[in-house]
Amino acid sequence: MGRRAPGLDWILMGAAMALVVLGTLLVWSATSARPALTGDDPTAYLKKQLVNVAIGLVLLVMVLATDHRWLRIVAPLAYLASIVGLVLVLVMGTTVNGSRSWLMLGGMSIQPSEFAKLAVVLGMGLLVAERSEGSWRRRVGSGDVLGMLAIAGVPAALILLQPDLGTMLVLSATVFGVLAVAGAQRRWLVGLTGAGVGAAVLAVGLGFLKPYQLDRFMAFTNPDLDPRGAGYNVEQARIAIGNGGIFGQGLFDGSQTKSGFVPEQHTDFIFTVAGEELGLIGAGAMIALLAIIVWRCLAIAMHAEDMFGRVTAAGIACWIGFQSFQNIGMCLGIMPVTGVPLPFVSYGGSSMFAGMLALGLVQNIHLRSTSSLPTRFVPSRVLVPR
C-alpha cells in the first residue's frame, strides 16, 4: 500500500529522442552535399553528431542516476564552473561570426554560454529553495529577487562582453520565467520588462551595438533592404522553407539545401532543412515535439515535491521554449537573426550536452516526485508533512 513505483516520464523522453534522431538526419542532409565543409566525406558531420549524441546520453544517465540530495551540492559548483568557462572565453576564446564565444580544447570546441543557461537556472532555484526552506508558502521578497538577479547578472555580463546577444535574449527570458514561477511580485516583473526594453533602446541609440548587429536588426525589420548582405540569411531561409510546401521535397533532396544557399544550415538554420525537405507537416511535427517537451517540463514542475525542483524544471521549460521560438522565428523572419541553436536538433556538442543534462535533471526531479507520492488507497488528509 505504501508508495507508487517510480518511473521515467516516457512522453518527455520519447519527444526528446525523436528530436535527436530527426536532428541527426537533418544535419547529415545539410552537410552531405557540401564537400568544402566535410572534406569530401559526406558522413563526416553525421559521425561527429553521433558522437555528440552518445556523450550527451552518458551525461543524461549520470544526472539521472545521481541521488537528488547531491543536486543541491553540485549546483554551486556547476555555477562556478560556468563562470570560469565564460571568463576563459574572454581571455583565450575563439571568435566566430563576430562573437568570442568558443573555447578550443584539443580537437573539440566548447561554448560555455550554453552551460551557463542551465547553471543560472540551478543557482536561482537553489537560492529560492534555501530561503523558503521549512516555509513552503513563504512569499518571495525583494531580497530574494535581488539575490536571484545577482546570480544571473554575473554570467549575463560576461556573455554581453563576448558579445552574444542571442544567448543573452534566451537567458533574459529564462530568468524572467524563473522569477515568475518562484513567486516574485508583479511589480518586479513589470519593472524588469520595462528596464529590458529601455536598455535595448539605449543600446541602439547610444551606439553600443556593433555594426553587424545593427545590420541584423535592420534586416529583421526589412529583409529586402539588403538581400545580398545582412538580409541574405533570412531571404534564403524563407525561400528554402517555402520550397517545401506541405509535404516537402524529400529527405536529402532539398534543392536549396543541396546547393548550400542557406548559411549555417546545419547549426542555427537547421529548421530550414526540415521546412524544405519535410514540408509543413514535418516542420510542424518538429514544433509539436518541442511543445511536448516544454509541456512535460512544466507538468513535472507543478508536481515537484520541493521548491528547488519546481523552479528548476520550470526554468528549463522557459529556456527550451524561448530558445526554440527564437531559433524558428529567425528562420521565418519573425525574430532577428541570432546565433542560437535549436535544442536537441542543431549540430553541436555544447548545445547537445547542455540539453541532455537538462533532460536528465528534469527526469531526476520527476523520479523524486513520483517516488514520494502515496497510493490512491491512502487518504491525503491523513498524511503527515515531512
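Apart from neighbours within four places in sequence, Asn364 is in contact with Val63, Leu64, Thr66, His68 and Leu71. This residue has its place in helix H14, and because its relative accessibility is 4%, under the 20% limit, Asn364 counts as buried. The model described here is a predicted one, and the values given below are computed from that model.

**The chain as a whole**

The protein chain has 14 helices and 3 strands. Of its 386 residues, 47% count as buried, while the chain exposes about 17700 Å², of which carbon and sulfur atoms supply 69%. Among contacts between residues at least 6 apart in sequence, 73% join residues at least 24 apart.

**The nonpolar core**

Which residues have the most contacts inside the largest nonpolar core? They are Met124, Ile293 and Ile316, in a core of 93 residues. For Ile293, once its neighbours within four places in sequence are left aside, the contacts are Leu12, Ala15, Ala16, Leu19, Ile320 and Phe344. Two of these partners, Ile320 and Phe344, are also among the residues that line the largest cavity, which is the next topic.

**The cavity**

Rolling a probe the size of a water molecule over the atoms shows where empty space is left. A search of the whole structure finds 1 cavity of 30 Å³ or more, and about 50 Å³ of space lies in the largest cavity. The lining of this cavity is made by Glu114, Trp319, Ile320, Gln323, Pro343, Phe344, Ser351 and Gly355. Sorted by character, the lining residues divide into 4 nonpolar, 3 polar and 1 charged. Helix H13, covering 307-332, and helix H14, covering 349-371, each supply at least two residues of the lining, and the largest share, 3 residues, comes from H13. Helix H14, which takes part in this lining, is also the helix in which the buried Asn364 has its place.

**Phe322 in helix H13**

Helix H13 also holds Phe322. Is Phe322 buried, partly exposed or exposed? Phe322 is partly exposed, because its relative accessible area of 24% falls between the limits of 20% and 50%. Not counting neighbours within four places in sequence, Phe322 is in contact with Leu169, Val170, Ala173 and Met335. The C-alpha atoms of Phe322 and Gly177 are 9.9 Å apart in space, although the two residues are 145 residues apart in sequence.

**Residues in loops**

Several further residues lie in loops between helices, and their accessibilities are set side by side here.

| Residue | Relative accessibility | Class |
|---|---|---|
| Pro163 | 11% | buried |
| His266 | 10% | buried |
| Glu264 | 34% | partly exposed |
| Asp40 | 66% | exposed |

Pro163 lies in the loop between helix H6 (142-160) and helix H7 (165-182). With a relative accessibility of 11%, which is under 20%, Pro163 therefore counts as buried. Its C-alpha atom is separated by 5.4 Å from that of Ser99, a residue 64 residues apart from Pro163 along the chain.

His266 and Glu264 belong to one stretch of the chain, since His266 lies in the loop between helix H11 (255-259) and helix H12 (270-302), and Glu264 likewise lies in the loop between H11 and H12. His266, buried at 10% relative accessibility, touches Val27, Ala30, Thr31, Leu37, Tyr45, Ser346 and Tyr347 when residues up to four places away in sequence are not counted. Glu264, by contrast, counts as partly exposed at 34%.

Asp40 lies in the loop between helix H2 (35-38) and helix H3 (44-65). Its relative accessibility of 66% is over 50%, so Asp40 counts as exposed.

**Backbone geometry in the loops**

Most residues other than glycine have a negative phi, and most peptide bonds are trans. What kind of peptide bond joins Gln162 and Pro163? The bond is cis, with omega at about -15°, and the Pro163 that it leads to is the buried loop residue described above.

Two residues that are not glycine have a positive phi in this model: the phi of Asp40 is near 65°, and Glu264 has a phi of about 50°. Asp40 is found in the loop between H2 and H3, whereas Glu264 is found in the loop between H11 and H12.

Conventions:
Residues are numbered from 1 along each chain as its sequence is written. This is a predicted model: local features need pLDDT of at least 70, side-chain atom pairs count only at pLDDT 80 or more; totals for chains, interfaces and linings use all residues. Side-chain values use heavy atoms; hydrogens and water are left out. A nonpolar core is a set of buried Ala, Val, Leu, Ile, Met, Phe, Trp, Tyr and Cys residues joined through side-chain atoms within 4.5 Å. Buried means under 20% relative accessible area, exposed over 50%, partly exposed in between (1.4 Å probe, protein chains only). Contact means heavy atoms within 4.5 Å. On a 1 Å grid over the protein atoms alone, a cavity is a set of points where a 1.4 Å probe fits but cannot get out, and a pocket is an open set with protein on both sides within 12 Å along at least five of seven lines; lining residues have an atom within 4 Å of a point. Grid points are joined across faces, edges and corners, and a volume is the space filled by probe spheres set on the points. Helices (H or I, at least four residues) and strands (E, at least two) are DSSP runs, numbered from the N terminus. Ala, Val, Leu, Ile, Met, Phe, Trp, Tyr, Cys and Pro count as nonpolar, Asp, Glu, Lys and Arg as charged, and the others, Gly among them, as polar. Accessible areas come from the Shrake-Rupley method with a 1.4 Å probe; for residues, only the protein chains shown count as cover.
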